[in-house]
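Biologist: Hey, can you walk me through this model? I'd like to go one topic at a time.

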Amino acid sequence: MFDVASAAVAAAVADGAAYSDARVVVRCNQGVTCQNQVIDSLSQDESAGIGVRALVGSSWGFAAVADLSESAAAIAGRRATATARASAKVPGAEMDLADVPPVVAEYETPYLEDPFAVSLSEKSDLLVRVTATMQGVDGVAIANASLSFWDTEKWFVSSQGHRIFQHLVESGGEISSTAIGDNETQVRTFPQSFGQFKTGGYEVIRSFDLDANAGPIAEQAVQLLVAPQCEPGDKHLILDSSQVALQIHESVGHAIELDRILGWEAAFAGTSFLDLNQLGSLRYGSELMNITADATIPGALATFGYDDEGTPAQSVDIVREGIWVGALTGRDSAAIAGLTPGGMVRADGYSRIPMVRMTNVGLLEGESSLEEIISETKDGVYMSTNRSWSIDDRRLNFQFGCEVGWEVKDGRLGRMVKNPTYTGITPQFWGRLDMLAGGDELVHWGLNSCGKGQPMQVGHTGHSAAPARFSNVRVGVST
Amino acid sequence: MMREGDAAEIADGLIAMVGERAEASVIISGGHSELTRFANSFIHQNVGENNRSITLNLSKEGRSASVSTTRSDAVALSDLVDSAFELAALRPRDPWSPGLAPQMATPSVDHYDRGTAGATPDERADVVHTFVEAGGGMMAAGYCETTTTELTFANTADQRCTGVATRAIVDGIHQTPTSAGSAHQASTSLGDLDGGKMGRLAAAKAQAGLDAVDLKPGSYEVVLESNCVGTLLIFLAFYGFNGKAANEQRSFVVPGDQQFDSQISLFDDPLDPLAFALGFDLEGTPRRRLPLIEAGKSRGHAYDRRSAREAGAESTGHGLGKSLYGAGPVPMNLFLEPGDRSTEDMIASVDRGLLVTEFNYCRVLDPRTVGVTGLTRNGTFLIENGQISHPVTNLRFTQSFVEALGPDRVLGIESSGRMADSDFGPGLSHAPSLHLAEWNFTGGAAG
């Protein structure tokens, strides 16, 4: 496959590209979904193709084709250069790339149990069994369960001498219970509402213990129908680790993408409230806030050997003791900003152009625990598991809703409340972080559904997070 | 790109390989898509992809499986059939297995433009150039896209369909340091796109948005421009007029009930000349116009074959395959009947309210009520005494979309519409501007 990628790069350069790279990607995805004890989809999808990138002047040209012959690759290479050259009608300043030493390397995801070798009957039996458990709870109308697995092989070649092979294996899934009342639905999910995904094999699924968790979430979904609404007010907000992960994703992860900061995503995804002139001085949050982008965390979803530009996976400080100190970069954006490329550029399969993507953007652990946080809270709400998420195009003004909440009074969990929501402004909100858990309560969450770019690309991102408390937050916003 | 004859040959070959051992359908989707992206007033990404995917859906005695590949050599196709049988054998019987679409004619639609299918990067760059130039030095960002979709369908019940469609879009913003304005145009033909006109519209919005002030959140009368309405319609379709949601009792729609203002009539019509769809769905069922709301009364739901069987209904030609992650049959060619007003007339009739250009990042709080939170973007303006008095900073809203269009809540509908952009993507709805009595804004720029 290196020969196929090399043919594409050679053709692109021969036609005048200042730089070119190519990725041959062969990806297999298996998915099993189950609703109310019926396996409603069982699918296995394979894609194989090559994507070629060519830099001419101020623009990237990119061409992709689902044909792995060397002749088709060469045609794609020439097309990438020709497409980039057409951009000269609306030109900008000549683009440069920050240096990344070329390497010849291989990387493979460590895993214990090949998820594609585990029989589909075992997977189906698990999903039928856990939906039966959830349906066994009186009042549950819909019980869903799903598993997904990816096996991806990538061969990367650049005109600067990179030759990298990677084999990535990812596994994940979720279960959910929906209860339907008068003019409302209530849902509870496990491990969280977007599922939990990690690099690794079927051992990831076994670690969830879906059987043990199916009953409790089903009972909570039904209890929510008769629970009181979360009352509006300004109070202490305690978030479980999965909601902290979502909070990081939306209000930190996207905001620190250098392509957004530079205005490259302005029309669609938006820009960022961050200004490069403030790098190293802007207070992003309280001193408890320490965030890294770390693509080397074992088992986390956005862990790999090299990104899709051939830059090695690494850990980069993003926020240190509340101060903004780093960004998510690519070779092109880093060159403009005067930063070092952090290995944060990836593409969705062979057919899309690589772009700045979150790696594992997460919190470093704190010294507290959820138990301590609750015991030290006089008046607050504890919210768990995201249900809705909305944030503005500069990543400042957000409103998030959770599946379930509990009142916290005088250091104890009180009654369950439904439709809990909270809203805030990013740096003000993170500035109110006053307690943060750690140890075993720090979880490496993985999201497999992050949308960005045009045409749309779906990315896999990771977020380490622990239960946290924020003071004086507006909660209980409703229609 | 695969030639039509090649695709039909592959589809027939796969059907023959399955033979009488099972029920099977083959979907071969192909085509190509090119997108020229610009930001900071220059083209920074120019991409193109040739797509091909072969999907085999197989069902044997109610046990079904779906497999797909991008490879088309003999070994890959043989492997595809083997793995479909292997997977299906492991699956429990599906009580709602709907069987195959029978052989029947599908309507002929003309949503194809040869020039768009063959559009060059230079032609897209020309559209971008005129958009950028129209800003007179403002910072521009956006894209121009041309897409050709080719689909070949075959099943073991002798249903065969082929179709091809094109779509061209220019979408962008102009920005000042403190404001932005957007414009969007979509057509089956690249030749219809007027980058200069869209650029001037976006620039005018951005200019009008200079020096925006914060506005106190609360309930306001609103005039929603077409992109807002496009988002509103697709949320109603996704969460309400979706037969799977109805079967699961998650839908608000009660057929026959006056759930909306009497001025509201909504239908789904993949065959309309302005739509970008083919004449059949991914199950081989012919598509047709489907009324969803008539004079404020909900009429019914969209169905694919499986949800129809569960509901005791007929498929309405809304089989979408796996494209919406199992969301079900969602109407995606929506047309809101125009009214008799102009946007200017509607603004003139507002004592105090807001004109909203676009919604951003809308997410549902409860699907049953289609309660949604989102923000305004690219131009929000206060209207006082029938005139736009000044721009305001973006606002957050938390609003039930069903209630917003409820009886006596619609004060006017524009007399013409356009293929709108939306939070779910471009070109899914034809939407006029709407004048509504009330919209619940729950937060301003400062939270």
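**Two domains, then two chains**

Modeller: Sure, let's begin inside chain B: domain 1 of chain B and domain 2 of chain B bury about 1000 Å² between them, with 47% of that on carbon and sulfur atoms. Buried area is the accessible area (1.4 Å probe) that two parts lose on being put together, summed over both. One caution: this is a predicted model, where local features need pLDDT of at least 70 and side-chain atom pairs count only at pLDDT 80 or more, while totals for chains, interfaces and linings use all residues. Residues are numbered from 1 along each chain as its sequence is written, chains are lettered from A and ligands numbered from 1 in the order in which they are written, and side-chain values use heavy atoms, leaving out hydrogens and water.

Biologist: How many salt bridges are there across the interface of those two domains of chain B?

Modeller: Zero between domain 1 of chain B and domain 2 of chain B. The rule asks for a side-chain nitrogen of Lys or Arg within 4 Å of a carboxyl oxygen of Asp or Glu.

Biologist: And which part of domain 1 of chain B gives the largest share of the side touching domain 2 of chain B?

Modeller: That's S6(B), with five residues. Strands here are DSSP runs (E, at least two residues) and helices are too (H or I, at least four), numbered from the N terminus.

Biologist: Where do the domains sit in the chain B numbering?

Modeller: Domain 1 of chain B covers 4-204, and domain 2 of chain B covers 207-233 + 338-443. Those bounds come from an automatic or database domain assignment. Taken over C-alpha atoms, the centres of the two domains of chain B are 31 Å apart.

Biologist: New topic: how many residues do chain B and chain A have in contact?

Modeller: 74 residues of chain B touch 73 residues of chain A, where contact means heavy atoms within 4.5 Å. Together chain B and chain A bury about 6200 Å², 49% of it on carbon and sulfur atoms.

Biologist: What about salt bridges between chain B and chain A?

Modeller: The count there is seven. One joins the side chains of Arg37(B) and Glu265(A), at 2.8 Å from N to O.

Biologist: Which strand gives the largest share of chain B's side?

Modeller: Strand S2 (residues 42-60) of chain B, which supplies ten residues of the side touching chain A.

Biologist: Last one: what's chain A made of?

Modeller: Ten helices and 23 strands. The C-alpha trace of chain A spans about 70 × 55 × 40 Å along its principal axes.
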